[in-house]
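Please open the model in a viewer and keep the sequence panel visible. The tour below proceeds by selections, each followed by a description of what is found there.

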Amino acid sequence: MQAPDQPESSRESHNVSMDETVAEAGGCAQVHLPTGRTCALQHGHDGTCQFVAPDRVADALTRLQPDPEQ
Ligand SMILES: [Zn+2]
């Protein structure tokens with residue numbers, strides 16, 4: 001489910017505010033730079049972003065697509 005061709009890490013502040021992996025998965029993908037966490041809620045979600053730790057993003061994304069078989 002994850003493309004292994006983009007080993008980009010968010011270790012350093014690169015002025016990155018969007019997570020491409022999350023965005024492609026249909027997520028909000030906003031990155032909270034101070035913490036390096038990413039919003040994995042549905043794109044265009046209501047309310048404020050809910051930032052999750054990097055190791056929680058994949059799990060959060062699976063909730064966006066509970067039925068991968070379309
Ligand atoms: Zn968000």
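By about how much of helix α2 are R63 and D59 separated? The tour will return to this pair after an overview of the chain.

**The whole chain**

Begin with the complete chain in a cartoon view. This is a predicted model, and the chain contains two helices and three strands. Followed along the sequence, these elements give the pattern α-β-β-β-α. The chain has 70 residues, of which 23% count as buried. Among contacts with a separation of 6 or more, 14% are between residues 24 or more positions apart.

Next, colour the chain by pLDDT. The mean is 81, and 70% of the residues reach 70 or more. Select residues 9-13: pLDDT stays under 50 there, and the model has one contact beyond four places in sequence for this stretch. Where pLDDT is low, the predicted coordinates should not be read in detail.

**Helix α2 and the salt bridge**

Select residues 54-64, which form helix α2, and show the side chains of R63 and D59. These two residues are four apart in the helix, and therefore separated by about one helical turn. Their side chains meet in a salt bridge, with an N to O distance of 3.4 Å. A search of the whole structure finds one salt bridge. R63 is exposed, with a relative accessible area of 65%, whereas D59 is partly exposed at 37%.

**The sheet**

Now select the strands. They form an open sheet of three strands in the order β1-β2-β3, with antiparallel pairing. The edge strands are β1 (31-32) and β3 (51-52), each of which pairs on one side only. Strand β2, residues 37-39, is joined to β3 by two bridges.

Within β2, select T38. Its bridge partner in β3 is V52. Is T38 buried or exposed? At 4% relative accessibility, T38 counts as buried. Display its surroundings as well: leaving aside residues up to four places away in sequence, T38 touches D19, V22, A29, Q30, V31, Q50, F51, V52 and V57.

**A29, a contact of T38**

Move from T38 to A29, one of the residues it touches. A29 is located in the loop between α1 and β1. At 0% relative accessibility, A29 counts as buried. Its backbone also merits inspection: A29 is not a glycine, yet it has a positive phi of about 75 degrees. Most residues other than glycine have a negative phi.

**The zinc site**

Finally, select the zinc ion. Which protein atoms are its donors? They are C28 (SG), C39 (SG), H45 (NE2) and C49 (SG), at 2.0 to 2.4 Å from the ion. The angles among the four donor atoms are 106 to 115 degrees, and the site is tetrahedral. Along the chain, the donors follow the spacing C-x10-C-x5-H-x3-C. Two of them, C28 and C49, link distant parts of the chain: C28 lies in the loop between α1 (20-24) and β1, C49 lies in the loop between β2 and β3, and 21 residues separate the pair.

Display the accessible surface for these two cysteines to end the tour. C28 is buried, with a relative accessible area of 10%, while C49 counts as partly exposed at 29%.

Note on methods. Residues are numbered from 1 along each chain as its sequence is written. This is a predicted model: local features need pLDDT of at least 70, side-chain atom pairs count only at pLDDT 80 or more; totals for chains, interfaces and linings use all residues. Side-chain values use heavy atoms; hydrogens and water are left out. Two strands pair if DSSP finds at least two bridges between them. Buried means under 20% relative accessible area, exposed over 50%, partly exposed in between (1.4 Å probe, protein chains only). Contact means heavy atoms within 4.5 Å. Donors are N, O and S atoms within 2.8 Å of the metal (3.2 Å for Na, K and Ca); water is not among the atoms, so sites may look incomplete. Four donors count as tetrahedral if all angles lie between 85 and 135 degrees; four count as square planar and six as octahedral if opposite donors are over 155 degrees apart and all others between 65 and 115; anything else is irregular. A salt bridge is a side-chain nitrogen of Lys or Arg within 4 Å of a carboxyl oxygen of Asp or Glu. pLDDT is the predictor's confidence in each residue, from 0 to 100.
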